[in-house]
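Q: I have this model open and would like a close look at one part of it. Could you walk me through that part, and then through what surrounds it?

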Amino acid sequence: MGTQEKDLGTAWEYQGCVIPKDLYYDIENQVWVRVNEDGTVTLGLTDVGQTRAGRLLHIRVKPVGTKVKKGKPVATLESGKWAGPVPALVEGEIVEVNPKVVEDPNYINIDPYGDAWIVKIKPLSEETLKRDLSELVTGDKAYEEMKKHIDEWDIVCMRCV
């Protein structure tokens, strides 16, 4: 590992960007998903995504009960320099919206993998969840892909407080 990378045990750090080992990632859109014990998945923006967006000012999230197809937006984020969709990484139904990020989208800039998740989704079925997860990257592959993305975009992560 070079000087700009560290193994933090449960996550890697590269150029200041944290990449948890247990998540599934859509590198192109900089969105992550965590499979929960109850069968739902939690979805949020990556550290790299929040850094590239800058201080988040507005968020519009689809309401609980909305059925979402993989790749379709569950939310729209806006910063001073960027606006764009947050795509669903799994097909299913939104079962919870995070009130913290609705109230203050900048919270995503501070704690992208912790309390600043965006939505929880109940997958359509176990089969669709397996299919959708198989199209994402996790573990060492996610780290290698994320490093390439960070280098390509010349990103150094910092928390916007």
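Where does D154 lie?

A: D154 sits in the segment that follows helix 5. Keep in mind that this is a predicted model. D154 counts as exposed, because its relative accessibility is 66%. Its backbone is worth a look too: D154 is not a glycine, yet it has a positive phi of about 50°.

Stay in that segment and you get to C157, which lies after helix 5 (139-153). C157 forms a disulfide with C17, with an S to S distance of 2.0 Å. The structure holds 1 disulfide, and here it ties together distant parts of the chain: C17 belongs to strand 3 (residues 17-20), and the two cysteines are 140 residues apart. The torsion about the S-S bond of C17 and C157 is about 90°, so this disulfide is right-handed. Both C17 and C157 are buried, whereas D154 is exposed.

Now follow the disulfide across to C17 and look at what strand 3 is doing. Strand 3 pairs with strand 2 in the antiparallel sense, over 4 bridges. One pair to pick out is W12, whose bridge partner in strand 3 is I19. The hairpin of strand 2 and strand 3 has 2 residues between the strands, and Q15 takes a positive phi near 55° there.

Strand 2 (residues 11-14) also runs antiparallel to strand 1 (residues 5-7), and 3 bridges join them. E5 has Y14 as its bridge partner in strand 2. In this hairpin there are 3 residues between the strands, and G9 is the one with a positive phi, near 95°.

Back to non-glycine residues with a positive phi: Q30 is another, at about 55°. Its setting is the loop between strand 4 and strand 5. Where D154 is exposed, at 66% relative accessibility, Q30 is buried, with a relative accessible area of 3%. The side chain of Q30 has polar company. A polar atom of that side chain lies 2.7 Å from the backbone oxygen of I27, and the side chain of T46 makes a polar contact with the side chain of Q30 at 2.5 Å. Leaving out residues up to four places away in sequence, Q30 touches G44, L45, T46, V48, G49, M146 and H149.

The strands on either side of that loop, strand 4 (residues 24-26) and strand 5 (residues 31-35), run antiparallel and are joined by 3 bridges. D26 has V31 as its bridge partner in strand 5. Zoom out and both strands turn up in an open sheet of 7 strands, with antiparallel pairing and the order 8-11-12-6-5-4-13. The edges of this sheet are strand 8 (67-68) and strand 13 (137-138), each of which pairs on one side only.

Helix 4 (residues 126-134) is the next thing to look at. Its buried residues are T128, L129, D132 and L133. They lie on the same side of helix 4, because they cover an arc of only 130° around the axis. What covers them includes strand 4, strand 5, strand 6 (41-45) and strand 12 (119-123). So where do E126, E127, K130 and S134 go? These exposed residues are carried by the face of helix 4 turned away from its buried side.

There is one more sheet to place. It is an open sheet of 3 strands in the order 7-9-10, again with antiparallel pairing. Strand 7 (56-61) and strand 10 (83-87) are at its edges; each has a single partner strand, so one side of each is left without a neighbour in the sheet. On average, and with direction ignored, neighbouring strands of this sheet are turned by 25° against each other. Strand 7 and strand 9 (residues 73-79) run antiparallel and are joined by 5 bridges. To find the pairing on screen, start at L56, which has S79 as its bridge partner in strand 9.

To retrace the route: D154 lies in the segment after helix 5, the disulfide takes you from C157 to C17, and Q30 is found in the loop between strand 4 and strand 5.

Terms used:
Residues are numbered from 1 along each chain as its sequence is written. This is a predicted model: local features need pLDDT of at least 70, side-chain atom pairs count only at pLDDT 80 or more; totals for chains, interfaces and linings use all residues. Side-chain values use heavy atoms; hydrogens and water are left out. A disulfide is a pair of cysteine sulfur atoms within 2.5 Å. Buried means under 20% relative accessible area, exposed over 50%, partly exposed in between (1.4 Å probe, protein chains only). Two strands pair if DSSP finds at least two bridges between them. The arc is that of the directions from the helix axis to the C-beta atoms. Contact means heavy atoms within 4.5 Å. A polar contact is a pair of N or O atoms within 3.5 Å; within protein, one must be able to donate a hydrogen and the other to accept it, and residues adjacent in sequence count only if both atoms are side-chain atoms. Axes are lines fitted to C-alpha atoms, for helices over the stretch in contact, and angles run from 0 to 180 degrees between N-to-C directions.
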